[in-house]
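This report covers strand pairing, helix packing, a surface patch and some backbone details. The sequence and structure are shown below.

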Amino acid sequence: MDPPFFRAVPAQWASGVTVVTTAGNGDGRRYGTTASSFSSVAVDPPLISVCLASAGSTYRMIRRSGVFAVNMLGHDHRDISDRFANGDWDTAWTGSPVLADSLAWLDCVVTACHPAGDHTILLGSVQDAATPRSAAPLLYHARTYYEGLVR
């Protein structure tokens with residue numbers, strides 16, 4: 001299948017936008033990447049999944065640290081999704097950075113990694129979670145951001 005065509009087809013699926021984060025190896029730096037491939041997997045025990053580029057620096061740092069957080073972005077967080085350095089960041093129980101004013105965040109320990117083509121599916125055991133505020137989500141569809149929901 002032609003790769004550009006294949007990318008265009010799944011782009012028709014609207015999704016929320018997250019920033020997946022982890023802490024550095026004691027260097028005080030935050031690592032993160034924007035991801036829309038996030039899913040709740042199970043309630044008992046609480047598990048989630050994210051898919052990250054296997055060659056990416058965030059994936060490599062998560063493999064080293066063994067922990068990550070998923071930050072769900074609100075309609076007013078487009079600048080954070082475009083440039084991870086912006087925003088007010090707190091530290092979760094595992095040491096992963098969490099966005100202080102995100103819609104929600106999940107703090108996880110890696111329980112499994114499954115290679116999937118040029119990406120890796122990370123399975124995370126949720127250690128802590130929060131819903132700092134209520135707002136419309138940031139959505140992504142056909143390579144375009146949409147701020148909020150039309151009701």
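In what order do the strands of the open sheet stand, and is the pairing parallel or antiparallel?

## The open sheet

The model discussed here is predicted. Its open sheet holds 7 strands in the order β3-β2-β6-β9-β10-β5-β4, and the pairing is antiparallel. The edges are taken by β3 (30–35) and β4 (38–42); each has a single partner strand, so one side of each is left without a neighbour in the sheet. From one strand to the next, the twist averages 35 degrees.

At the β3 edge, β2 (residues 18–23) and β3 run antiparallel and are joined by 6 bridges. Within this pair, Val20 of β2 stands opposite Thr33 in β3.

## Helix on the sheet

Helix α2 (residues 57–65) packs on the sheet. The strands that α2 touches are β2, β3, β5 (47–53), β6 (67–72), β9 (104–116) and β10 (119–130). The direction of α2 makes about 45 degrees with that of β2.

## Pairing of β1, β11 and β12

Strand β11 (residues 138–141) pairs with β1 (residues 15–16) in the antiparallel sense over 2 bridges. Here Gly16 stands opposite Leu139 in β11. Strand β11 is also joined by 4 bridges to β12 (residues 144–147), again running antiparallel, and His141 stands opposite Thr144 in β12.

## The hairpin turn

β11 and β12 form a hairpin with 2 residues between them. Ala142 lies in the loop between these strands, and so does Arg143. What sign does phi take at Ala142? Phi of Ala142 is positive, near 50 degrees; that of Arg143 is also positive, near 60 degrees. Most residues other than glycine have a negative phi.

The accessibility of each turn residue can be stated as well. Ala142 has 31% relative accessibility and therefore counts as partly exposed. Arg143, at 51%, counts as exposed, because the class begins over 50%.

## A cis peptide bond

The peptide bond from Asp44 to Pro45 is cis, with omega near 0 degrees. Pro45 is found in the loop between β4 and β5. Most peptide bonds are trans.

## Nonpolar surface patch

Which residues make the nonpolar surface patch of about 480 Å²? The patch is made by Met1, Phe5, Phe6 and Val9. Met1 lies in the segment before α1 (3–8). With a relative accessible area of 76%, Met1 is exposed.

Methods:
Residues are numbered from 1 along each chain as its sequence is written. This is a predicted model: local features need pLDDT of at least 70, side-chain atom pairs count only at pLDDT 80 or more; totals for chains, interfaces and linings use all residues. Side-chain values use heavy atoms; hydrogens and water are left out. Two strands pair if DSSP finds at least two bridges between them. Axes are lines fitted to C-alpha atoms, for helices over the stretch in contact, and angles run from 0 to 180 degrees between N-to-C directions. Contact means heavy atoms within 4.5 Å. Patches are made of residues with over 30% relative accessible area and no salt bridge: like charges are joined within 9 Å, nonpolar side chains (Val, Leu, Ile, Met, Phe, Trp, Tyr) within 5 Å. Accessible areas come from the Shrake-Rupley method with a 1.4 Å probe; for residues, only the protein chains shown count as cover. A salt bridge is a side-chain nitrogen of Lys or Arg within 4 Å of a carboxyl oxygen of Asp or Glu. Buried means under 20% relative accessible area, exposed over 50%, partly exposed in between (1.4 Å probe, protein chains only).
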